[in-house]
Amino acid sequence: MAIDEGLILRAKAQDPEALNEVAEYLMKRLPPFLKSKFHNLSYADAEDATMEVLEKFLKDPISIRAKNITSLFAWAKKVGINYLIDLTKSSELKNQSLSPVNREGHEIDLPLVDRDYQEKLAQIEEKIAVSSTLQGALDILSPTDKYIVYEHHLADRSLKAIAEDLEMTIDAVKQRKKRALHTIKEILNSQGITYNSLP
Amino acid sequence: MSGKIEIKEMKNLLSEYIECLEKGQDRTELLEALKQKKDISEAFEAVYKDAELAQFFYYNRLAEDRLPIMRQRFQELRNKLAHSETLDIWSYLESTMEQKGWTWKDVLRKMGADPRFAGQIRNRKWSLQRISPRNLAHISYWLKADPNQVLRLSYANLKAETASSDYGKAAHFRAAFDQKDKSPDQRQEQQDSILQYLKELENALNEGN
């Protein structure tokens, strides 16, 4: 059996020394790699992605088929990249939509388009309608779902941080966020408002 | 002539970028500006590659510098996910058996083994290596035990068994499903034997998933 195969096996079996060795390997190499792939994200995001990788390894090592350090690093890169892609997508979603209402439920950010007055007025009225419907839709959500949507999309907090607040898994938070956004979309659609940027 | 000027501009940008990196600032817009011109010629591409290399070294150094912080975060993560129970593999399997209303006798019968060995397992006069990895994976599957726990606790048990002075003295405890009758003397051989068992167990547990 190759030396690194034994190392990975022992780490999967939660041997403290092997775990530290594997973690050290990933903590040295993964953040620089991820940062080089995602210039626009911060180094702290790359570090968060690395911690996500390590958490997955600690939680369910059996499901990871890697048998040596090279294949483990390949798996880690894939998980890290997926984490950062999700982060980028959620950041884009935040920038595209949900801007009519801030965290307190007022302050509408209106697009300033140089058209005639009537058209601008119509836009403002539509935005107010959207804002009002959106607030109504948010009010329908459970307190937990509302917290997730507010914190993630309006306060720009990571799902990981929210999951820690709520003592839930990231997957559960993602699932709740998806369901909540789906509910909002349905309510907006029922009012004749289409928000394509919502998933 | 204009090409020469541009390459000079590229090199200036590269110098500026490296200077910023040395100050701890990654001006990615400079890197982006170099990237946009890299396809003009090989010389342009070479400058861009140098910038990428500088960035690579910068982040590798940063990763080294930030290692203590990352170690701390990893430790906190491990503490958060730490298994609070101090169960051994036998107690863990017995706790899952209880949930199903089974006993070791039921498990041994299901395996086609002699149920009279149940008492020896209960009294911990049994070696894990006397149950093949495949059979242990079958037991885990029947009991719907967590395969990660089974792997973790099996490893802890095997380590403890080989460290014990009684290791290898329990040769009279045999079962029909027993495939192992080894008592390796050398430490390395013991370690290899444990790893071989773990490897087979991991494969068998994965097949069960």
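**Group meeting: the contact between chains A and B**

The contact takes 26 residues from chain A and 30 residues from chain B. Keep in mind that this is a predicted model. On the side of chain A that touches chain B, the elements giving two or more residues are α1, α2 and α3 (43-59) of chain A. By residue type, that side of chain A divides into 13 nonpolar, five polar and eight charged.

Now to one helix pair across the contact. Two packed helices are described by the angle between their axes and the distance between the axes. Helix α2 (residues 16-37) of chain A packs with helix α4 (residues 67-81) of chain B at an angle of about 135 degrees, and their axes are 10 Å apart. How are α2(A) and α4(B) therefore set to each other? They are oblique, because oblique takes in angles that are neither under 35 degrees, nor over 145, nor from 65 to 115. The crossing of α2(A) past α4(B) is right-handed. Which residues make this contact? From α2(A) they are Ala23(A), Met27(A) and Lys28(A), and from α4(B) they are Leu67(B), Met70(B) and Phe74(B). Sorted by type, the contact of α2(A) with α4(B) has five nonpolar residues, no polar and one charged.

Next, the nonpolar cores. In soluble globular proteins, nonpolar side chains tend to be buried together. In this model the largest nonpolar core has 55 residues. Those with the most contacts inside this core are Leu26(A) and Leu54(A) on chain A, with Leu151(B), Leu198(B) and Leu201(B) on chain B. Helix α2(A), the one we just looked at, gives the most to this core, with eight residues. A second, separate core of 12 residues includes Met10(B), Tyr17(B), Leu31(B) and Leu34(B). Back in the largest core, leaving aside residues up to four places away in sequence, Leu201(B) touches Pro133(B), Leu136(B), Ala137(B), Leu151(B) and Ser154(B).

Last, two backbone details. Gln14(A) is not a glycine, yet has a positive phi of about 65 degrees. Gln14(A) sits in the loop between α1 (3-12) and α2 of chain A. Is Gln14(A) buried or exposed? Gln14(A) has 21 other C-beta atoms within 10 Å, so Gln14(A) is buried; the cut-off is 20 or more.

Arg124(B), also not a glycine, has a positive phi of about 60 degrees. Its place is the loop between α7 (118-122) and α8 (133-143) of chain B. For Arg124(B) the count is 10 other C-beta atoms within 10 Å, so Arg124(B) is exposed, exposed being 12 or fewer.

Methods
Residues are numbered from 1 along each chain as its sequence is written. Chains are lettered from A and ligands numbered from 1 in the order in which they are written. This is a predicted model: local features need pLDDT of at least 70, side-chain atom pairs count only at pLDDT 80 or more; totals for chains, interfaces and linings use all residues. Axes are lines fitted to C-alpha atoms, for helices over the stretch in contact, and angles run from 0 to 180 degrees between N-to-C directions. Helices (H or I, at least four residues) and strands (E, at least two) are DSSP runs, numbered from the N terminus. A crossing is left-handed if the near helix is turned anticlockwise from the far one by less than a right angle, and right-handed if clockwise. Two residues are in contact if their C-beta atoms, placed from the backbone, lie within 7 Å. Ala, Val, Leu, Ile, Met, Phe, Trp, Tyr, Cys and Pro count as nonpolar, Asp, Glu, Lys and Arg as charged, and the others, Gly among them, as polar. A nonpolar core is a set of buried Ala, Val, Leu, Ile, Met, Phe, Trp, Tyr and Cys residues joined through C-beta atoms within 7 Å.
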